Amino acid sequence: MELIINHLTKTYGSKTALQDISFRVGEGIHGLLGPNGAGKTTLMRLLATLLTPSSGTVEIGGVPLQDKARVRELVGYLPQEFAFYPGMTVYEAMDYLALLSGIGGRSERKRRIDDLLEQVNLMEQRRTKVKALSGGMKRRLGVAQAMVHEPKLLIVDEPTAGLDPEERIRFRRLLGRFAEGRIVLLSTHVVEDVESTCEQMTVLQKGSLRYHGRIGDLTAAAAGRVWIAELDRAQWERDRDRFPVLSAVPEGAGMRVRVLAGEQPFAGAQQTAPSIEDAYLHLMRREESYV
Ligand SMILES: Nc1ncnc2c1ncn2[C@@H]1O[C@H](COP(=O)(O)OP(=O)(O)OP(=O)(O)O)[C@@H](O)[C@H]1O
């Protein structure tokens, strides 16, 4: 199973949302990151056949995107905002969607739905109306509906938004299990989600491909550029705009800071190993003069 994207471009009128994007993704969980407006939603909607490319090609498991009927069988999509059937119970909504996906036998549907509700921890709510679910529960139901036809490519947009820490961990495990023999494309602003679930990731910025590869290589590229220091407040006020700041935490009378810098930014500052969040910011700011 492979997703192959070749010279993909999407314009909305005169606005170019994606510009000549090419990359390949194999089985497993793949992170998709980028600041607001980078083109992530556009890319996901293209893959889900909800939009048509302006140019370029996409193949999902050898099936070209133009073959919409076959692609829809292969793809599951959980958008950031999705409307469900508020008046139905959790089970009825799932059953209805399973039926729409062409899962014929009642007992086969029941088996799959019970299994999924168990996995997303909604078994107790199976008779609850969708409109009565909490935000986090709705997210979990959204994931279950995107998985019901056992897609080979599952696209999830900000899936952990609104989940509490325990649910978030549970959810990552669920995606991990589901990704065996499939591709899961995980779009998120939560860099931690990528760090703990993905081996590879793609970063978009202003519609262009900024990075595609292993997470370890991205952090390696920021090595030697992350510095920590303890400063007094006056020095901090004076120097705070000189470097991209990763974090700044008040400590006693001073500040404990973490910044990006090409060379030692302050006397006494020490280098530290980059986290993926540091590496992401380094990538975003690489063209600036600090390096
Ligand atoms: N229907 C549309 N018509 C015109 N421009 C659009 C349309 N949809 C998106 N855009 C523009 O295309 C660019 C990419 O948008 P997109 O929603 O794909 O980004 P994103 O990375 O998903 O952002 P976010 O993280 O904020 O959801 C943005 O500049 C956006 O304003």
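In the predicted model, L231 has a relative accessible area of 5%. Since residues count as buried under 20%, L231 is therefore classed as buried. The residue belongs to strand β11. L231 and Q200 are separated by 31 residues in sequence, and their C-alpha atoms lie 36 Å apart in space.

Strand β11, which spans residues 226-232, pairs with strand β13, residues 254-260, through 7 bridges in the antiparallel sense. Within this pairing, V226 has L260 of β13 as its bridge partner. Strand β11 also joins strand β14 (residues 270-271), again antiparallel, through 2 bridges. Here W227 is matched with Q271 of β14. Strands of a sheet pair through backbone hydrogen bonds, in a parallel or an antiparallel manner.

Q200 falls within the range of strand β9, residues 200-205, which pairs with strand β10, residues 208-214, over 6 bridges in the antiparallel sense. Across this pair, L204 is placed opposite L209 of β10. The hairpin formed by β9 and β10 has 2 residues between the strands, and K206 adopts a positive phi near 45°.

The protein chain as a whole contains 10 helices and 14 strands. Its C-alpha atoms fill a box of roughly 70 × 45 × 35 Å along the principal axes. Of the 291 residues in the chain, 49% are buried.

An open sheet is formed by 4 strands in the order β2-β1-β4-β5, with antiparallel pairing. Strands β2 and β5 (63-64) occupy the edges and have a single partner strand each, so one side of each lacks a neighbour in the sheet. The pairing of β1 (residues 3-12) with β2 is antiparallel and comprises 7 bridges. In that pairing, Y12 has K15 of β2 as its bridge partner.

Both Y12 and K15 also belong to the surroundings of the ligand, together with A17, P35, N36, G37, A38, G39, K40, T41, T42 and H189. By class, this shell consists of 4 nonpolar, 6 polar and 2 charged residues. Strand β2 (15-25) and helix α1 each provide at least two residues of the shell. Helix α1 makes the largest contribution, with 3 residues.

Polar backbone atoms of consecutive shell residues approach oxygen atoms of the ligand. For G37, the distance from a polar backbone atom to a ligand oxygen is 2.8 Å. The corresponding distance for A38 is 3.0 Å. In G39, a backbone N or O atom lies 2.9 Å from an oxygen atom of the ligand. The ligand taken alone exposes 640 Å², of which the protein buries 62%.

Helix α1 covers residues 40-47 and is mostly covered, with 6 of its 8 residues buried. These are K40, T42, L43, M44, L46 and L47. Among them, K40 and T42 are also part of the ligand surroundings. The helix is followed by T49, which has a positive phi near 60°.

Burial is also extensive in helix α10, residues 276-285, where 7 of the 10 residues are buried, so the helix is largely enclosed by the rest of the structure. The buried residues of α10 are I276, D278, A279, Y280, H282, L283 and M284. An α-helix has 3.6 residues a turn, so residues three or four places apart point the same way.

Two annotated regions were taken from the unreviewed UniProt entry. The record lists residues 3-231 under "domain: ABC transporter". In the model, this span is 35% helix and 30% strand, and its end C-alpha atoms lie 48 Å apart. The annotation "coiled-coil region" in the UniProt record covers residues 106-133. That span is 50% helix and 0% strand, with 25 Å between its end C-alpha atoms.

Methods. Residues numbered from 1 in each chain as written. Predicted model: local features only at pLDDT ≥ 70, side-chain atom pairs only at ≥ 80, totals over all residues. Heavy atoms only, no water. UniProt positions renumbered as here; feature names shortened; annotations may be inferred. Buried < 20%, exposed > 50% of the residue type's maximum accessible area, 1.4 Å probe, protein only. Near = heavy atom within 4 Å. Polar contact = N/O pair within 3.5 Å; in protein donor to acceptor, adjacent residues only side chain to side chain. Areas by Shrake-Rupley, 256 points an atom, 1.4 Å probe, with all protein chains shown as cover. Nonpolar A, V, L, I, M, F, W, Y, C, P; charged D, E, K, R; others polar. Pairing = 2+ DSSP bridges.
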